[in-house]
Amino acid sequence: MGLLNVSSIMMTFLLFVVVARQAEAVCHHTSTSHYFPAGTCSETEDVGTCNLYNYPSGSCDSAGYPHACVGNYEIVFWYKDEDCGKCKDPSAQGKRCTSTIAAE
């Protein structure tokens, strides 16, 4: 194998590693509302947004928001156990609520 072939293989491998790491990158931000008093969480995989707003890395699930809900414009947001029963359109991405509370 020539030096050019080894170099080409190494560049392809490095490109694959960079793309794979970018695909895994996710950050989140949290907020509170009257309807979800325990708070909600939203995720993005856009590294530029994560850096611009200094959002913490990791998923909403890893930040303590295990349940997902489809909100306006089909945007998924995450919520905590305390607010189970308030989501009108649960998303299959999150864990199902085992208990429900009365929605206000």
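These legends go with several close-ups of one predicted model.

**View 1. The whole chain, with two helices and four strands.** Start here to get your bearings: reading from the N terminus, the elements come in the order α-β-β-α-β-β. The protein has 104 residues, and 22% of them are buried. Its accessible surface adds up to about 7,500 Å², with carbon and sulfur atoms supplying 57% of that. As for contacts with a separation of 6 or more, 38% link residues 24 or more positions apart.

**View 2. The open, antiparallel sheet, strand by strand.** Go across the sheet and you meet the four strands in the order S1-S2-S4-S3. Strand S1 (27–31) and strand S3 (67–70) are the edge strands; each has a single partner, so one side of each has no neighbour in the sheet. From one strand to the next, the twist averages 35°.

**View 3. Zooming in on S3 and S4, an antiparallel pair.** Four bridges hold this pairing together on paper, joining S3 to S4. One to look for is Ala-68, whose bridge partner in S4 is Trp-78. Strands in a sheet pair through backbone hydrogen bonds, in either a parallel or an antiparallel way. Keep an eye on Ala-68, as this residue turns up again in the contact lists of Cys-87 and Ser-91.

**View 4. Cys-87, a buried residue in the segment after strand S4.** Why does Cys-87 count as buried? Its relative accessibility is 12%, and the cut-off for buried is under 20%. Setting aside neighbours within four places in sequence, Cys-87 is in contact with Phe-36, Ala-68, Cys-69, Val-70 and Tyr-79. Strand S4 covers 76–79, so Tyr-79 belongs to that strand by the DSSP numbering, while Ala-68, Cys-69 and Val-70 fall in S3 (67–70). For a sense of scale, the C-alpha atoms of Cys-87 and Phe-77 are 10.0 Å apart, with the two residues 10 apart along the chain.

**View 5. Ser-91, also in the segment after S4.** Is Ser-91 buried or exposed? With a relative accessible area of 13%, Ser-91 is buried. Its side chain reaches the backbone nitrogen of Gln-93 at 3.1 Å. Not counting residues up to four places away in sequence, Ser-91 touches Ala-68, Cys-69, Val-70 and Val-76. Compare this with View 4: Ala-68, Cys-69 and Val-70 are also listed among the contacts of Cys-87.

Conventions
Residues are numbered from 1 along each chain as its sequence is written. This is a predicted model: local features need pLDDT of at least 70, side-chain atom pairs count only at pLDDT 80 or more; totals for chains, interfaces and linings use all residues. Side-chain values use heavy atoms; hydrogens and water are left out. Buried means under 20% relative accessible area, exposed over 50%, partly exposed in between (1.4 Å probe, protein chains only). Contact means heavy atoms within 4.5 Å. Two strands pair if DSSP finds at least two bridges between them. Axes are lines fitted to C-alpha atoms, for helices over the stretch in contact, and angles run from 0 to 180 degrees between N-to-C directions. Accessible areas come from the Shrake-Rupley method with a 1.4 Å probe; for residues, only the protein chains shown count as cover. A polar contact is a pair of N or O atoms within 3.5 Å; within protein, one must be able to donate a hydrogen and the other to accept it, and residues adjacent in sequence count only if both atoms are side-chain atoms.
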